[in-house]
Amino acid sequence: MKACIMCGGEGTRLRPLTFARPKPSIPILNKSSVVHLIEHLSKEGFNDIVITLGYMADKIEEELGDGRIFGVHIDYVYEDEKLGTAGGVKNAEKYLRDEPFMVLGGDHVLNLNLREMYRFHEITDSLVTIGLLSIDDPREFGIADMDVNNRIHRFLEKPGSGEIFSNLASTGIYVCDPSIFDMIPADTKYDFAKDLFPDMLSRDMKINGLLARGKWTDVGNAAAYRQAQRWMLEELPGTTIAGQFSAKDSRITGPLQLGHNVSVGSNSAIVGPIVIGENTVIGDNVLIGPYTTIGSNCVIENDSRILSSYIFNDVTIGSNCNVSGSIIDNGAKISDNCSLENGTVIGPAAVIGRNSTIHSDIRIWPEIKVEEGTSVKEDILNESYV
Ligand SMILES: CC(=O)N[C@H]1[C@@H](OP(=O)(O)O)O[C@H](CO)[C@@H](O)[C@@H]1O
């Protein structure tokens, strides 16, 4: 079975995390999110994959290669200018012409039964099947009105207040018949949700919906990213330790996934679910609370507390720091006695001086140096990155 993954977007709402990498390469459990997606597709029998690339194409191609290590074959197509979702897939038409294919976003984190959706599409005569989820507030999505026979009669992209006629939200996962290519103009900006679906419905062409069961999110912003990490951590099967591990008289409670050569000092407590990469060193009297991931080559010094936070690689956290609900990108340094409040995002190689507080939901861009004793209440941008 074939699948097309759209990976061209710039991920501006996820800045500063998308300066160093494209959105599909943001780590979830210390592994690029698109790798999780491809592993899931492979498991479900989608072995023939085409990826549409734009922003930072090389990073994705370098990481995934021809797909062999995931048990799939991957082809790539490149977008020089923005073609929209359907326009981007049209660009990959030569790989997708001969049988129905699935479309997904490179930022999707999910555990849905995609094979079931594909099979459902095959036994109906609709041209497109849209994966739908019932959600409380669907304003950020396309919404659909579906009858008992799964036929969609109305579709509206990002409804405004007073326009929400349904809480069935489009996941942006579609199974498409190749004949849709005849309706998508080449080399033109054209979207599934804004252009193709309304056009098809106005011509009475058949679009079906299928209520998806399971977990799905698109990692569009920092809050969705934290949610996605949480889900994946909830599914950690148990405790795995990749190799050498040393912990003095500390309390370690699973589930945990530890890379090679992690060390933990005295009187620390590590309470899973937690994932830690290789060669990370954790000091004495440190509390690392549930729903945390720490990458490789990090140092967490004595007396610090890390709760529900996502720390990438080569990060140093000084002593007596409080880090809560935060995301810290590669190579950042948090000096002693700092407090990072809930929702903080620290960009790559940023340095936070001693005794500083970064207040909730603040973003610090790459390489910014925050002076000692600063109380940061507004985002700090780095002009050279704008
Ligand atoms: C124009 C377009 O394709 N919109 C899609 C798409 O929205 P974005 O905001 O573009 O990510 O993905 C949503 C699901 O993530 C889906 O609900 C919506 O219909």
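The legends below describe views of a predicted model of one protein chain.

**Figure 1. Overall view of the protein chain, which has 386 residues.** The chain contains seven helices and 37 strands. Along the principal axes, its C-alpha atoms fill a box of roughly 65 × 40 × 40 Å. The radius of gyration is 22 Å, which agrees with the value near 21 Å for a compact globule with this number of residues. Of the 386 residues, 53% count as buried. Among contacts between residues at least 6 apart in sequence, 45% join residues at least 24 apart.

**Figure 2. The span annotated as a nucleotidyl transferase domain, residues 2-232.** The annotation comes from an unreviewed UniProt entry. Helix makes up 27% of the span and strand 28%. The C-alpha atoms at its two ends lie 25 Å apart.

**Figure 3. Helix α7, residues 222-234.** This helix has 13 residues and reaches 18 Å from its first C-alpha to its last, close to the 18 Å expected at 1.5 Å a residue. N221 caps the N-terminal end of α7, with a side-chain oxygen 3.2 Å from the backbone nitrogen of A223. The buried residues of the helix are A222, A224, Y225, A228, Q229, W231, M232 and L233. In an α-helix there are 3.6 residues a turn, so residues three or four places apart point the same way.

**Figure 4. Surroundings of L256 in strand β17.** Strand β17 covers residues 256-258. L256 is buried, with a relative accessible area of 3%. Not counting residues up to four places away in sequence, L256 touches L236, G238, T239, T240, I270, G272 and I274. One of these contacts, G238, is 18 residues from L256 in sequence. The C-alpha atoms of L256 and G238 are 6.5 Å apart.

**Figure 5. Cysteine C176, which is in no disulfide.** A search of the whole structure finds zero disulfides. For C176, the nearest cysteine sulfur is that of C4, 8.9 Å away. A disulfide needs the two sulfur atoms within 2.5 Å, so this pair does not qualify. C176 is buried, with a relative accessible area of 0%.

**Figure 6. Cysteines C338 and C321.** The closest cysteine sulfur to that of C338 is in C321, at 5.0 Å. This separation is too far for a bond, because the cut-off for a disulfide is 2.5 Å. C338 is buried, with a relative accessible area of 2%.

Methods
Residues are numbered from 1 along each chain as its sequence is written. This is a predicted model: local features need pLDDT of at least 70, side-chain atom pairs count only at pLDDT 80 or more; totals for chains, interfaces and linings use all residues. Side-chain values use heavy atoms; hydrogens and water are left out. UniProt positions are given in the numbering used here, feature names are shortened, and annotations may be inferred rather than shown by experiment. Helices (H or I, at least four residues) and strands (E, at least two) are DSSP runs, numbered from the N terminus. The expected span of a helix is 1.5 Å times one less than its number of residues. Buried means under 20% relative accessible area, exposed over 50%, partly exposed in between (1.4 Å probe, protein chains only). A polar contact is a pair of N or O atoms within 3.5 Å; within protein, one must be able to donate a hydrogen and the other to accept it, and residues adjacent in sequence count only if both atoms are side-chain atoms. The radius of gyration is taken over C-alpha atoms; the globule rule is 2.2 Å times the number of residues to the power 0.38. Contact means heavy atoms within 4.5 Å.
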